[in-house]
Amino acid sequence: MAEIYPNSAEQDATAGATVLAFPNRGTADAPGYGDGLDVPEWLNQPKQDTPPATEQTENPDAQPAAPAWQALRNARAVSRQAVAVLRWLLAHRATKFGARQAAFILAGVRIGLRRAWESRTTTTHQAQMRAATAAGDHESALEWEARASKFRTERHARRMELLTMPVRIAAGIAHGIIAAVLILSVIGVALWAKTDHVGAVTAPFTATFNVLCAIGAIANATWRPTLEALPVLATVAAWVAGRNARELPAWLSAANVDQDAPASVPDEGAITEALRNLNLAPLNKAFKAGWKPRWVSPTVRSGNGYHTQLQLPQGVTVEMVGTGKTKTVLAHNLLRTPIEVWPTEPTGKPGVLDLWVADSGSLTAKVPPYPLIEDTGATVDYFDKRGVPVALSQRGEIVRAPLMAKNYMVGGIMGTGKSSFTRNLLCGAMQDPLVDIGVYVMAFNADYDLMQPRLSVLVKGDEDEQILAALNELRWLKDQVTRRGKLLEQYGETAVTRKLAMKDKRLRPLVRVFDECHELFEHPKHGKEAADLAIKVLKKARKCAMTLVFVTVSPTATSIPKDVTRNTSNRVAFAVGDHVANDGLLGTGKHKAGITATTLNPATDIGTALTIGFSTNAFELVRMYFISADDGNDQVTPLVARAMKALDKAGMSPADVADAEPDADQARDLLDDVAAVMGTEALVKSSVVISRLADAHPTEYEGWSQQRLGEELKPFGVIPRKTKDGTMHVDRRQVDAALADRAESAEQEPEEGSDDGEI
């Protein structure tokens with residue numbers, strides 16, 4: 001129901017309502033105007049912005065004019081709506097698709113123009129010269145400068161040829177016409193002679209004219225469609241080039257063109273931003289001063305990741321960027337985990353950051369089966385420099401462990417993969433029937449039990465008996481180094497070869513594993529001797545076909561002597577607890593250089609290790625192949641069976657190394673040895689004779705003194721004498737005389753078994 005508001009006294013009375021009059025504005029001094037409420041006079045003044053009542057009554061239909069701020073508000077609302085519509089259009093898939101195709105074409109045009117410019121200028125040469133200069137490679141810079149100079153000379157020659165090209169083309173056309181007329185005339189005359197008809201002379205000209213007319217007709221019919229198709233073909237080519245380049249704005253790149261592309265590409269811009277946000281004071285200072293990275297090597301694809309090198313500013317070292325929490329922040333800034341980012345300092349380039357960034361998730365993918373399991377017909381050669389497969393590199397390539405002239409140090413926290421490496425190494429080595437494999441485990445475990453049929457010796461335990469067995473093995477290996485050196489000298493060879501090992505079983509390759517070796521080196525009674533023996537064997541066994549493998553869970557200064565690590569060619573570090581263990585395995589200073597296994601997580605990075613010596617790179621991050629030894633999936637036994645079959649076929653046994661010295665060396669002949677080391681020299685210092693004897697036969701003469709040499713030679717009539725310079729010398733004439741007397745005495749003695757002297 002509509003409400004009625006009374007507007008007169010009669011209506012009020014009719015409605016039965018009491019109306020109270022509102023007090024008029026006024027004061028006590030203005031009667032009739034106010035109601036004595038003492039209202040200030042200034043309030044009684046009419047408002048300036050209120051239109052007069054007469055104007056309101058004169059035009060009751062007129063609307064009051066809207067203020068300016070209301071118009072501005074309306075304009076803003078309209079603009080917001082327009083922006084919202086525009087954003088919706090830009091975010092729409094169809095809009096993005098169309099804009100992306102247009103961007104592809106524009107990018108392709110830009111690429112084509114850039115390539116054309118680079119092909120006609122020395123832009124590429126200049127870029128290479130700058131890169132070589134930044135890297136300090138002045139030889140390459142001079143080479144590129146020479147190439148640029150040659151390019152300019154050749155370009156000038158081509159331009160000069162273009163100036164004379166019209167004249168040469170005209171001359172060529174004229175010569176061609178003349179030659180064609182002569183040839184056609186000869187053909188026409190020949191036809192005339194053949195047919196006796198003079199009209200045959202023009203037949204070649206007529207046929208040629210008809211061919212030219214046909215060619216002209218074809219060209220006339222096809223030139224227009226070809227010309228019209230050229231823009232389409234050019235557009236398609238530009239689209240393809242732009243799409244392959246993937247150079248798009250961020251709002252267009254949201255729709256993945258390639259689902260297999262990595263989530264983030266660590267290019268120069270991304271790396272620069274990652275460094276800018278490391279929160280390193282010296283680096284922040286450099287950025288504020290306007291520092292920009294100088295790229296020694298541009299970012300390039302490297303296996304399953306990206307590799308680059310850049311020069312760091314003054315006051316910022318690679319250690320600051322590549323270790324500790326800073327490395328974790330760097331990996332975070334590059335959208336990677338710490339294990340996927342490896343900042344190091346390359347050899348010979350101080351102050352240069354060598355950065356390798358793996359594709360996100362590439363280091364956690366499943367490792368394929370062990371290659372020798374898949375390839376049942378594969379063979380292994382101990383002397384092959386490629387070695388046996390043990391792991392996959394960070395670039396997804398097979399990492400092989402050479403055996404000849406190599407030794408190994410393996411360590412890490414328990415359960416991180418040490419046994420996987422040694423199992424892979426031994427399962428590969430045993431496929432060569434020549435190899436003699438022995439394992440000494442200073443603990444009670446079953447890691448090598450399945451391999452026992454192919455092993456020449458397997459010792460397990462951490463008691464004194466097993467420790468002494470490992471020590472005796474090192475003693476025997478030290479003697480083997482000497483014996484094999486003598487055999488090599490006898491055969492006139494510098495190193496053991498496969499041919500030589502097959503000829504003489506005393507030179508059969510040896511592989512010895514000392515697992516939990518810290519128990520041996522830390523033994524209170526035998527530890528020092530074991531360390532000394534291991535160092536001596538490592539230093540001399542390189543050419544003797546002897547490979548030592550040391551495995552430990554406790555790589556410390558006392559458990560692994562530094563000289564053992566220094567003389568080990570190949571080192572494998574799984575997850576370790578601190579930088580002490582890291583440097584104990586990989587070498588002193590490796591942690592500071594950014595080559596550290598402390599970033600490996602023992603819970604998640606099982607089977608992943610940091611290695612040195614397996615390639616020409618400063619390090620390799622590898623993931624081990626896994627050979628299962630479980631009862632339900634025993635992959636070791638088939639490999640052992642295959643190795644035993646190859647052993648039987650070769651007619652050998654797991655342990656067939658002769659333990660005796662060569663017959664010629666059963667008892668050294670001092671007189672013959674002295675004569676051999678003196679050669680044709682008439683007088684040789686006694687100290688020099690001793691030095692030469694020790695070098696030739698260390699086990700026999702090492703540690704001899706001049707006094708002992710004189711006493712040993714005295715029974716033969718050879719007495720060293722002092723010369724004018726006060727030093728003792730051995731006289732070759734006395735040695736020759738002693739040899740002659742001994743030979744004469746031997747001729748006069750009756751031979752064994754003769755009838756001389758019988759009664």
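Which residues line the second largest cavity? This tour of a predicted model begins there and then moves to a pair of helices.

**Stop 1: the cavity**

Select Leu 363, Leu 392, Ser 393, Gln 394, Thr 608, Leu 621, Val 622 and Arg 623, which together form the lining of the second largest cavity. The space they enclose has a volume of about 30 Å³. The model has two cavities of 30 Å³ or more.

Next, colour the lining by class: four residues are nonpolar, three are polar and one is charged.

**Stop 2: the strands beside the cavity**

Show strand S5, residues 388–393, and strand S14, residues 620–624; each supplies at least two residues of this lining. S14 gives the most, with three residues.

**Stop 3: helices H8 and H9**

Leave the cavity and select residues 268–276, which are helix H8, together with residues 281–288, which are helix H9. Two packed helices are described by the angle between their axes and the distance between the axes. Here the axes of H8 and H9 come within 9 Å and cross at roughly 120°. H8 and H9 are therefore oblique to each other.

To see what touches, display the side chains of Thr 272, Leu 275 and Arg 276 on H8. On H9, add Leu 283, Asn 284 and Phe 287, the residues that make the contact from that helix. By class, the contact of H8 with H9 has three nonpolar residues, two polar and one charged.

Note on methods: Residues are numbered from 1 along each chain as its sequence is written. This is a predicted model: local features need pLDDT of at least 70, side-chain atom pairs count only at pLDDT 80 or more; totals for chains, interfaces and linings use all residues. Side-chain values use heavy atoms; hydrogens and water are left out. Axes are lines fitted to C-alpha atoms, for helices over the stretch in contact, and angles run from 0 to 180 degrees between N-to-C directions. Helices (H or I, at least four residues) and strands (E, at least two) are DSSP runs, numbered from the N terminus. Angles under 35 degrees count as roughly parallel, over 145 as roughly antiparallel, 65 to 115 as roughly perpendicular and the rest as oblique. Contact means heavy atoms within 4.5 Å. Ala, Val, Leu, Ile, Met, Phe, Trp, Tyr, Cys and Pro count as nonpolar, Asp, Glu, Lys and Arg as charged, and the others, Gly among them, as polar. On a 1 Å grid over the protein atoms alone, a cavity is a set of points where a 1.4 Å probe fits but cannot get out, and a pocket is an open set with protein on both sides within 12 Å along at least five of seven lines; lining residues have an atom within 4 Å of a point. Grid points are joined across faces, edges and corners, and a volume is the space filled by probe spheres set on the points.
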